[in-house]
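User: I would like to go through this model with you and ask, for each label, what it rests on. Please set the values against the cut-offs wherever a conclusion depends on them.

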Amino acid sequence: MTAKAAGAVVGALLAAGCVHRPPLIEPVLAAPAEPVVELSDVPFFPQRDYQCGPAALATVLSAAAVAVTADELVERVYIPGRKGSLQLELLAASRGFDRLPYPLEPTLPALLSEIAAQRPVLVLQNLGIDSVPIWHYAVVIGFDATTDHLILRSGTTQRMETSARRFMSSWKRAGFWAIVILDPGTVPDGADRGRYVEAAAGLEAARRYDAAARAYDAALRRWPDDPLALLGLGNVNYARGNLVDAEAAYRRLLAVDPAHFIARNNLAQTLLDRGDLQSAMTEITAAQASIDDLRFAPLLAATEAAIRQALEKQERPQR
Amino acid sequence: MTRKSLQRACVIAISLSLLNLGSPVIAMAGIIDTQTVIEAGQRDADLATIRAGLDRTDVRQQFTSLGVDPAVVDMRLAALTDAEIAQLADEMQQMPAGGDILAVIGIVFVVLVILELVGVIDIFKKT
């Protein structure tokens, strides 16, 4: 009976965090690293009502040299019926300012290395529990390895210190979701290639072509032969009407991967637009010969039909 | 389903390319866009771009019914990728919407205070 009671007390103490636990920050800091970093210059936008999304986004956008306020972001990311903001819309809104929202690898070291690189990190936290979630956006602006604390701009609190352990549990309940806002010419040290290039493709999809081109260029400086970045660069140039640059990018990709039938299809379309119908036909025929994903067959057939039609029109001019 | 969608895409692509023949204005007709390639690499099912038109209409309706100003809905949709639109169309009501702790009232509040006191959660500021 006594032993049982003692066990309960120990359990309560453990739950209350009264027992010494090893620190989280210090062991994962890169070897020659500052133990304390705080990005004090990062501005603060106190949130109103349920609007931590606009506030947190304004904080990281401002730190990335975008002149914007939380109030201006409300109409871009706030959903009255949900009393909050969705992660996807924070990404989308960042693109609208020609910035590249880069989702971090879901780990504490990744978060800390961004802070060390002078970039504040926008995080989603679940301050409640899994069954009663309370979703909240905050911005991590610093860490202190000596006290094992993180420093945040959060809600109406300009400078909130929270223990790394507490932060990690709320962050974990939100799937360790975190983004940084990059100038499209910047690739973070240790960035994941696929994640970065897909983020660049997000800018392209949002039709921010100049920003997307800068992001693809930056990706290609880091990873010179990346197929998706080369394809994206070609497509962005095509969309901007720079057919010569588009052709160059597709050819560069085909030099790396001659069987890239999508690059060859797009090259064929570009040649068609440039009026080089014979070469266009040669390329689309080669593309169809190397296709290995039949879902794309109708798209290639459409390109071929367009080229064929142009050829017929050329051979039999009107009147 | 997939086949039908692809047929539709094919018809649209051909129609667009026909419309644009001889025109200096460049449509994206024959170009396979980057998002489609990403989507195709991630899924076996149909290509998201093919559904995008339908999904965008659906998401536009959901946004307006949730009180988003119709005047800004299109601007918001324009910055999303097709895959993101598809995800919104399916899950907008369930996705985390980061808001604020002010949303918590009544019994939920009491429960949370208890959980806070025993250290399970951390929503209240400490000084």
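Analyst: This is a predicted model. A convenient place to begin is Leu57(A), which, leaving aside its neighbours within four places in sequence, is in contact with Leu73(A), Val77(A), Leu90(A), Ala93(A) and Leu122(A).

User: What makes these contacts, and which residues have the most contacts inside the largest nonpolar core?

Analyst: A contact requires that the C-beta atoms of two residues, placed from the backbone, lie within 7 Å, and the partners listed for Leu57(A) include Leu73(A) and Leu122(A). The largest nonpolar core has 116 residues, and those with the most contacts inside it are Leu57(A), Val121(A), Leu122(A) and Ala200(A). The largest share of this core, eight residues, is supplied by α3(A).

User: Which residues of helix α4 of chain A are buried, and what do they pack against?

Analyst: In α4(A), which covers residues 70–77, the buried residues are Ala70(A), Leu73(A), Val74(A), Arg76(A) and Val77(A). They pack against α3 (52–63), β2 (85–86) and α5 (87–95) of chain A, together with α4 (70–78) of chain B.

User: Why is Val37(B) called buried?

Analyst: The cut-off for a buried residue is 20 or more other C-beta atoms within 10 Å of its own; Val37(B) has 23 such atoms within 10 Å, and therefore counts as buried. Val37(B) lies in helix α2 (residues 34–42) of chain B. Not counting residues up to four places away in sequence, Val37(B) touches Leu228(A), Leu231(A) and Ile262(A) in chain A, and Ile32(B) in its own chain. Ile114(B), by contrast, is 77 residues away from Val37(B) in sequence and 50 Å away in space, C-alpha to C-alpha.

User: How many residues does each chain bring to the contact between them, and what is the character of the residues on the side of chain A?

Analyst: Chain A brings 73 residues and chain B brings 55 residues. On the side of chain A that touches chain B, helix α14 (residues 297–315) gives the most, with nine residues. The residues of that side divide into 37 nonpolar, 22 polar and 14 charged.

User: How do you know that β2(A) pairs with a strand of chain B?

Analyst: Pairing requires at least two bridges between the strands, and two bridges join β2(A) to β1 (residues 97–98) of chain B, so the requirement is met, with the strands running antiparallel. Within this pair, Leu86(A) stands opposite Ala97(B).

User: What joins β6(A) to β7(A), and which residue of their hairpin takes a positive phi?

Analyst: Five bridges join β6 (residues 149–154) to β7 (residues 157–163) of chain A, and the two strands run antiparallel. His149(A) has Ser163(A), in β7(A), as its bridge partner. The hairpin has two residues between the strands, and Gly155(A) takes a positive phi near 60° in it.

User: Gln118(A) and Asp148(A) also have positive phi values; why is one called exposed and the other partly exposed?

Analyst: The exposed class takes residues with 12 or fewer neighbours, and the partly exposed class lies between that limit and the 20 needed for burial. Gln118(A) has 11 other C-beta atoms within 10 Å and is therefore exposed, whereas Asp148(A), with 17 C-beta neighbours inside 10 Å, is therefore partly exposed. Gln118(A), whose phi is near 70°, is in the loop between α6 (108–116) and β4 (121–126) of chain A. Asp148(A), whose phi is near 60°, is in the loop between β5 (135–144) and β6 of chain A.

User: Why is chain A described as more spread out than a compact globule?

Analyst: Chain A comes to 14 helices and eight strands. Its radius of gyration is 26 Å, whereas the globule rule gives 20 Å for 319 residues, so chain A is more spread out than a compact globule. The C-alpha atoms of chain A fill a box of roughly 100 × 45 × 40 Å along the principal axes. The domain assignment gives domain 1 (21–182) and domain 2 (209–314) in chain A, and 39 Å separate the centres of these domains, taken over C-alpha atoms.

Technical notes: Residues numbered from 1 in each chain as written. Chains lettered and ligands numbered in written order. Predicted model: local features only at pLDDT ≥ 70, side-chain atom pairs only at ≥ 80, totals over all residues. Domains from an automatic or database assignment. Helix = DSSP H or I, 4+ residues; strand = E, 2+ residues; numbered from the N terminus. Nonpolar A, V, L, I, M, F, W, Y, C, P; charged D, E, K, R; others polar. Rg over C-alpha atoms; globule rule 2.2 N^0.38 Å. Core = buried A, V, L, I, M, F, W, Y, C linked by C-beta atoms within 7 Å.
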